[in-house]
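Okay, thanks for making time, everyone. Let me put the structure up and walk you through a few spots.

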Amino acid sequence: MSGTDALPLEDLAGGPQVGIRAPVGIGKTRALAERIRDVLARDPAARVAFVVPDHRLAAEAQARLAAELGSAATVATWPGQDQPDPNVPGERMCRRPAEARAVQRVGGELSTLCGGPRVGMCPFHPDNPAGTAACGYRAQGTAARAARVVVLATANLSRAAPKALRRRETDAAGVVRELPPFDLVVLDEAFWPALLGGFGPEPVAVSLADLEPALWAGVPARGSEPAGWAAGHVQAALGALAKAVGASTPGDGLSKAALQAAGLRSPGECSTAREYVWRCKQDVAGTVGRLLQPQDDAALSQTLAPLADTNRRVLAVARLLDIAGDILAGRIGPAALRAGTRQGQPALFLRWREDIHQHWLAAPLGIVHADATMQPDIVRCWLPDLVVAPTPAAPAPHMRVVQVEDRQVGYGSLLEARNRSQDGQRAARNNTARVLRVLERMGRVFRGQGAAGGPDVLAVLPKALEDALRGKLPANVGTLHFNALRGQDAFRGAAGALIVSRPMPGVADVEDRAEVIFGREVQRLPSGVFFPKVAGARRMADGTFRGAVAHRHPDPDAEAVRWATCEAELVQAVGRVRGVRRTANNPVEVWLTTSTPLDDVAVAEAIPLREAWERWGGLDPATALLEAGVVPAGWRGRGAVLEKAGFFPGAADKGEACRDWFRRDKTAAGRLGAGLSERPGCPPVLSGDGAPGTKRTSSGKTSIKMSIEENPEVARAHPAATEGSNPGPSAALRWAAFTYRAAGSRQRDTVHVAAWHPDPRAAVEAQIGPLDLFAPAAQAPASLVCARRQRRPARAVTPASGPTPAALLPDPLLALPAPPRLLALPAPPAPAAVPALAMATAGEEPPTASPPAPARLPVRDRQVRLPDVIRAAGLDMAGLRSFMLRGEARDLERELANRGVRLELRRAAAARVWIGPAEFDAALSRVASGASDRLAA
């Protein structure tokens with residue numbers, strides 16, 4: 001035997017099949033590289049295939065293997081024809097990828113485009129002397145043949161090795177033998193999902209119209225076959241399939257018994273019919289010639305049109321007969337052929353399982369499969385002799401995992417498109433906004449703590465949510481999505497990770513996959529019934545177990561598929577930060593927003609979902625305002641800031657929505673006030689039970705810790721807050737008060753900006769928009785007082801030195817600080833319920849013409865009347881009474897009354913909100929100055 005003929009590999013049994021189920025991040029790639037080094041050192045002619053899940057990971061795997069192996073071996077990749085050419089930026093490996101796909105769709109070979117010396121060559125062929133640029137796909141063969149380690153994608157396993165990688169030898173008798181292309185095959189991560197077909201978003205279907213006998217009457221006979229023999233065999237087989245579909249209910253799978261009852265008795269009948277059907281396929285090169293010159297889509301479609309319909313039908317029916325034969329042989333279950341309708345016509349929907357080609361199974365040193373979440377029962381459907389090597393557990397003491405314990409947080413609760421009801425869509429929008437706020441906060445808290453050159457934070461999200469948040473996340477937050485996690489090593493140095501939801505597949509999809517993989521009918525749940533809930537256990541970091549609710553399928557094979565799709569992805573997500581390799585110098589925090597218990601992950605703390613949103617910064621608008629470092633006094637300004645943070649996505653008026661939220665949460669105003677008064681400028685950090693320095697309120701909600709000493713997280717999140725004139729972590733930070741007016745607005749408002757913003761105006765404009773006016777509150781011009789409200793000009797008084805009177809009369813709702821350089825009055829002791837209140841004001845003008853003397857509250861040596869302050873601001877008491885009827889004034893009245901504040905002080909606080917803090921303080925200064933002058937006289 002000589003020439004191109006060679007003895008096949010089918011008779012070669014190959015070496016052992018070994019499985020390694022080691023924890024994620026333990027150093028699996030390094031161990032595999034050591035095994036490869038030993039193989040190459042023992043045999044100078046040995047060659048190793050390193051197979052990764054997809055082409056995207058091939059370059060990364062090549063770099064890592066090259067670094068591990070060093071000079072011991074050269075490492076090359078084998079990108080597919082559609083992949084980017086690593087040597088020519090902006091080009092694909094095949095320079096005509098669209099034409100290649102079109103030819104392959106109608107059953108043609110890539111060689112139809114490539115050509116050769118005898119028929120002519122593509123202008124991009126490397127051997128074409130008239131060519132202008134070499135084809136990357138053809139040129140890579142030279143480098144790959146010289147390499148001793150070749151990195152390939154899993155999709156190559158179902159077909160023969162590329163011709164450039166095959167090996168042959170000729171013995172002394174001149175017999176050519178085909179050698180295995182590789183001596184050792186390493187399968188890194190799960191390979192089997194890539195070998196399942198028909199489960200994508202676009203199902204593969206064969207219409208019953210394609211099974212009509214008339215379409216197959218012209219099957220050509222060969223050799224001594226009687227005329228019509230092949231056609232009759234094909235028609236009989238396809239007729240039996242059509243009969244089986246007619247006898248089934250739409251949605252049912254075709255079982256072995258159903259096929260036999262319809263007349264298909266053995267796999268051999270299907271195999272023979274498939275061979276005859278394949279005779280009808282038209283050769284692309286023989287029919288339309290070699291497509292050597294590039295063509296546009298229209299011209300190529302016209303060229304391929306004469307054979308497109310015929311070849312499409314042949315390819316689909318051949319696949320159908322393959323699947324029917326596998327069902328009859330017991331290799332796959334009934335879900336592989338499912339009756340249904342397509343475009344209103346009866347059809348058969350196809351699903352199948354690809355086998356690993358003998359080129360890979362024949363490796364004499366065997367196959368090593370390494371996967372941290374391997375399901376051995378599934379893998380043995382492809383590697384029946386698999387032996388799983390025991391591996392020890394790997395602790396991760398420097399990875400702290402916090403997990404939600406009471407909610408699964410499915411995709412439907414996050415993706416608006418998956419909800420039909422308005423309430424469901426609204427909830428999904430709100431949850432998406434919460435996720436965004438949590439990631440924004442994580443970006444601030446963990447800024448600069450990740451490894452150099454890598455992101456500080458990892459977010460693992462559903463694919464649709466990742467797309468929705470693209471472009472909105474902080475620059476130091478990187479994302480991955482489920483089902484594209486394996487092999488990703490870019491986040492090994494991240495300081496924090498947020499894992500949102502879990503990829504729970506549908507019940508029918510799991511059952512269908514299990515039948516296709518295991519080749520039997522599984523126990524199916526009733527239609528519309530989700531996976532049953534069972535009692536499970538959550539492994540805690542302290543070595544104990546806590547009760548948990550888990551979803552399980554009663555069929556063991558279906559459960560193996562469900563676990564490999566759900567829990568395995570969560571374990572892989574946690575493993576992206578390489579927790580087992582962390583030290584005390586680079587710990588990592590992982591937050592899991594799903595209650596799914598994981599046997600392979602130790603949880604430090606399990607908390608309810610609502611507490612998780614609160615603690616992680618995703619629920620509380622009051623906390624969001626403080627952490628934004630921009631706190632407007634008015635509802636409209638607050639609504640604008642919160643809209644930027646993703647709050648109230650469905651509200652037409654963000655200011656009203658903000659006001660309504662503060663009304664509903666009776667403690668929110670106090671928390672906001674505490675954030676602005678107790679530790680000005682220090683962003684709050686929510687802490688859970690058991691954390692040092694945690695305080696619990698009477699309502700059971702977690703309090704806000706305001707001390708930088710207690711919260712080094714604050715100093716890390718806002719380093720600018722501890723720099724400058726007040727160095728040191730114990731320095732009291734400041735909020736600066738400013739008066740602003742939004743562009744195009746006639747109303748002015750006060751805003752407090754945290755000290756960590758280097759440019760206060762830029763910080764406010766980033767949240768609220770362009771401004772017509774922005775000035776420190778103490779220096780606000782007199783024109784800020786609306787002309788239509790002025791009744792008479794206020795008497796100008798030169799302020800005296802001393803403590804500020806506004807500091808003696810803060811608004812407990814807003815906790816607004818006083819502007820500097822205003823006159824102070826001595827103050828009586830403050831009421832116990834309101835620690836900051838000390839300034840006393842009294843009296844108001846009664847509505848009658850002859851009012852009695854207004855009530856006065858003595859203040860040590862002098863008195864200040866509220867009506868005098870109102871008049872000094874150019875207003876009157878009637879306007880205040882009207883303001884007191886508004887909702888925000890009633891809220892303020894109720895809040896202060898609950899805290900035991902006296903009536904006259906509640907009215908003064910309302911007046912300060914109505915007039916505006918800056919103008920109220922200025923008016924109070926003028927009245928106080930006049931009182932001091934009168935007292936001196």
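Let's start with Ser-501, which is buried, with a relative accessible area of 0%. One thing to keep in mind throughout: this is a predicted model. Ser-501 sits in the loop that runs from strand S20 (496-500) to helix H15 (507-518). And it has a backbone quirk: phi at Ser-501 is positive, about 70°, although the residue is not a glycine.

There's another non-glycine with a positive phi, and that's Arg-578, where the value is near 55°. You'll find Arg-578 in the loop between helix H17 (567-575) and strand S23 (588-593). Is Arg-578 buried or exposed? Its relative accessibility is 9%, and the cut-off for buried is under 20%, so Arg-578 counts as buried.

Now, zooming out for a second. The protein has 937 residues, and 51% of them count as buried. I get 30 helices and 30 strands. If you take contacts between residues at least 6 apart in sequence, 71% of those join residues at least 24 apart.

Next up, the sheet that S20 and S23 belong to. It's an open sheet of six strands, in the order S19-S18-S20-S23-S17-S24, and the pairing is parallel. At the edges are strand S19 (477-481) and strand S24 (605-607); each has a single partner strand, so one side of each is left without a neighbour in the sheet. From one strand to the next, the twist averages 15°.

If you want a place to look inside that sheet, try S17 and S23, which run parallel and are joined by five bridges. Val-402 is there, standing opposite Trp-591 in S23. As for helices, H18 (residues 609-616) packs on this sheet and touches S17, S20, S23 and S24, with its direction at about 110° to that of S24. Then there's helix H13 (residues 422-445), lying across strand S18 (457-461), S19, S20 and S23. H13 runs at about 170° to S20.

While we're around S17, have a look at His-398. It's in the loop between strand S16 (386-389) and strand S17 (399-404). His-398 comes out at 29% relative accessibility, so it counts as partly exposed. What does His-398 touch, leaving out residues up to four places away in sequence? The answer is Arg-582, Thr-583, Ala-584, Pro-587 and Val-588. Take Ala-584: it is 186 residues from His-398 in sequence, but C-alpha to C-alpha the two are 6.2 Å apart in space.

On to the other sheet I picked. This one is open too, with four strands in the order S25-S29-S28-S30, and the pairing is antiparallel. Strand S25 (630-632) and strand S30 (771-776) are at its edges with a single partner strand each, so each has one side without a neighbour in the sheet. Direction ignored, neighbouring strands here are turned by 30° against each other on average. Strand S28 (residues 735-742) pairs with S30 in the antiparallel sense, over five bridges. In that pair, Ala-742 stands opposite Leu-771 in S30. Packed on the sheet is helix H19 (residues 621-628), which touches S25 and S28 and makes about 120° with the direction of S25.

Okay, cores. The largest nonpolar core has 86 residues, and the ones touching the most other members are Phe-191, Trp-192, Leu-241 and Leu-337. For Trp-192, again not counting residues up to four places away in sequence, the contacts are Ile-378, Val-379, Trp-382, Ile-517 and Ala-564. A second, separate core has 54 residues, including Leu-436, Phe-491, Ala-573 and Trp-616.

Last stop, helix H2 (residues 58-69). It has 12 residues and reaches 16 Å from first C-alpha to last, close to the 16 Å expected at 1.5 Å a residue. Which residues of H2 are buried? They're Ala-58, Ala-61, Leu-65 and Leu-69. Around the axis they cover an arc of only 60°, so they end up on the same side of H2. Among the elements covering them are helix H1 (28-42), strand S2 (48-52), strand S3 (75-77) and strand S6 (149-153). And just after H2 there's one more positive phi, this time at a glycine: Gly-70, at about 60°.

That's my tour, so over to you for questions.

How values were computed:
Residues numbered from 1 in each chain as written. Predicted model: local features only at pLDDT ≥ 70, side-chain atom pairs only at ≥ 80, totals over all residues. Heavy atoms only, no water. Pairing = 2+ DSSP bridges. Helix = DSSP H or I, 4+ residues; strand = E, 2+ residues; numbered from the N terminus. Axes fitted to C-alpha atoms, helices over the stretch in contact; angles between N-to-C directions. Contact = heavy atoms within 4.5 Å. Expected span 1.5 Å × (residues − 1). Buried < 20%, exposed > 50% of the residue type's maximum accessible area, 1.4 Å probe, protein only. Arc of directions from axis to C-beta. Core = buried A, V, L, I, M, F, W, Y, C linked by side-chain atoms within 4.5 Å.
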